[in-house]
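User: Please take a close look at the possible sulfur-sulfur bonding in the model below. Set that part in the context of the overall form, and state the criteria as you use them.

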Amino acid sequence: MELADRAVGFLLSLISLSIFTYYTFWVIILPFVESDNFIHNYFLPQEYAILIPVCAGVVLLCFLCMFIGFVMLKFKKKKA
């Protein structure tokens, strides 16, 4: 089981590092590259650099609120 946990942890770390590197390059470095360069074909338009994290944050916040509400309702039923 320990080996499987390590593999999952390594995979999650690798995915997180890849997303961080892609996003950092997209937001910080890409604006300084000429717009006719071929590298722009691999990235979405700059508007999505703000839109995607905001939407992800809203979805995460909604799931967190639903989870907290579910736990509170479950705890209230146990108490009664």
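Analyst: Domain bounds here come from an automatic or database domain assignment. That assignment divides the protein into domain 1 (1–43) and domain 2 (47–79), with residues numbered from 1 along each chain as its sequence is written. The model is predicted, so local features need pLDDT of at least 70 and side-chain atom pairs count only at pLDDT 80 or more, while totals for chains, interfaces and linings use all residues; side-chain values use heavy atoms, without hydrogens or water.

The question of bonding has a plain outcome: a search of the whole structure finds zero disulfides, a disulfide being a pair of cysteine sulfur atoms within 2.5 Å. For C55, the closest cysteine sulfur belongs to C62 and lies 11 Å away, which is too far for a bond. C65 is likewise in no disulfide, its nearest cysteine sulfur, that of C62, being 6.7 Å away. C55 has 41% relative accessibility and therefore counts as partly exposed; on this scale buried means under 20% relative accessible area, exposed over 50%, and partly exposed in between (1.4 Å probe, protein chains only).

The wider setting is as follows. The centres of domain 1 and domain 2, taken over C-alpha atoms, are 25 Å apart. The radius of gyration is 20 Å, whereas a compact globule of 80 residues would have one near 12 Å; the value is taken over C-alpha atoms, and the globule rule is 2.2 Å times the number of residues to the power 0.38. Along the principal axes, the C-alpha trace spans about 65 × 35 × 15 Å. Buried residues account for 5% of the 80 residues.

As for secondary structure, the protein has two helices and zero strands, where helices (H or I, at least four residues) and strands (E, at least two) are DSSP runs numbered from the N terminus. Helix α1 (residues 2–29) contains Y23, which counts as partly exposed because its relative accessibility is 31%. The C-alpha atoms of Y23 and V71 are separated by 34 Å, with these positions 48 residues apart along the chain.
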